[in-house]
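Colleague: Could you take me through this model and the terms used for it?
Modeller: Gladly; here it is.

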Amino acid sequence: MADRGGDVTEDAPGHYTAELIDVCEAIWGEGFLSPGGTAEVGRIVGSEDIRGAAVLEIGSGAGGTAMALIEGQGAGYVTGIDVEDGVLTHARQRIEARGLTDRIGLVKVVPGPLPFPPDTFDVVFSKEAILHIADKQALMAEVFRVLRPGGRFLASDWLLGSRPPSAAMEAYIAAEGLDFEMATADDYRAAMEAAGFDHVVTRSRTEWYRREARDELARLKGPLGRKAEDRVGKQFVDRNIAIWERMIPVLDAGEHCPTHLSAVKP
Ligand SMILES: C[S@@+](CC[C@H](N)C(=O)[O-])C[C@H]1O[C@@H](n2cnc3c(N)ncnc32)[C@H](O)[C@@H]1O
């Protein structure tokens, strides 16, 4: 059973270091560790009306996605869970500065079963976080359990185009250095269906992100990157440029597949 960590008082470094959070926010906006910002959160929610909803966010990171769910989509309350102290501390500061502490609660968890009773949430949301969780079947069974009947799973994630990944894709995943556990759309679909979900949909976002990634790389190589060097050092910015240079070819090849996912608990 996962521990519910409650208030976080210690800062462990984790994968998402202060330097990485800094560079991600410079590229993707305040509180975001993934692309597209508030507008992309809106596109994941799509035509669903989540006003007033009780939302669980898996992998809430630096807080940007939870704040977008409240401010952009009118969610009632977001419970964000994450495994890393550094991002949780950062997110708490962002959420407090925006005056949203009464609408967003953050909980430190350890990987494993979700520390919530059955039928608790109207929506389970996640953006670019499930790629860190190896057992998609176990996770989707847990998502199903904590959703109320009629509840929605709405997510975005980075998927594999096919198995086995090519050498270029393996090299890109290794360069990220974030313990990605990527799976295919078929794997996700099978996990959602095995859990009991209906109306399972996967929708490719690769074309969109191919364009975005080129723009991000240009900005990293330009004034945005030079400014970031003053804060995090040239070596760190160069390392990220090298990651983007490995990522764009595997996006172009259809091996790295940003994808929207949705499903309904009957
Ligand atoms: C790429 S970041 C995305 C954060 C945020 N959703 C966003 O889009 O800005 C992935 C987050 O998932 C968290 N994470 C990794 N494994 C997790 C797990 N088993 N349960 C919950 N969160 C996890 C990481 O610590 C990180 O904060």
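**Rings, bonds and a ligand**

Modeller: There are 7 aromatic pairs in the structure. This is a predicted model: local features need pLDDT of at least 70, side-chain atom pairs count only at pLDDT 80 or more, and totals for chains, interfaces and linings use all residues. Residues are numbered from 1 along each chain as its sequence is written, and side-chain values use heavy atoms, with hydrogens and water left out.

Colleague: Why is the pair of F144 and F197 called edge-to-face?
Modeller: Rings of Phe, Tyr and Trp (its six-membered ring) pair if their centres lie within 6.5 Å; planes under 30 degrees apart count as stacked, over 60 as edge-to-face and the rest as tilted. The centres of F144 and F197 are 5.1 Å apart and the planes stand at 85 degrees, so the pair is edge-to-face.

Colleague: What parts does the pair tie together?
Modeller: F144 is in helix α5 (residues 136-146), while F197 is in the loop between α7 (185-195) and β6 (198-204), so the pair ties together parts 53 residues apart in sequence. Helices (H or I, at least four residues) and strands (E, at least two) are DSSP runs, numbered from the N terminus.

Colleague: Which peptide bond is cis, from R163 or to another residue?
Modeller: The bond from R163 to P164 is cis, with omega near -10 degrees. P164 lies in the loop between β5 (147-160) and α6 (167-176).

Colleague: What makes the phi of D179 worth a mention?
Modeller: Most residues other than glycine have a negative phi. For D179, phi is positive, near 55 degrees. D179 is in the loop between α6 and α7. H199 also has a positive phi, near 50 degrees, and is placed in strand β6.

Colleague: What makes S34 a polar contact of the ligand?
Modeller: A polar contact is a pair of N or O atoms within 3.5 Å; within protein, one must be able to donate a hydrogen and the other to accept it, and residues adjacent in sequence count only if both atoms are side-chain atoms. An N or O atom in the side chain of S34 is 2.6 Å from a ligand oxygen, so the cut-off is met. For L33, a backbone N or O atom lies 2.7 Å from an oxygen atom of the ligand.
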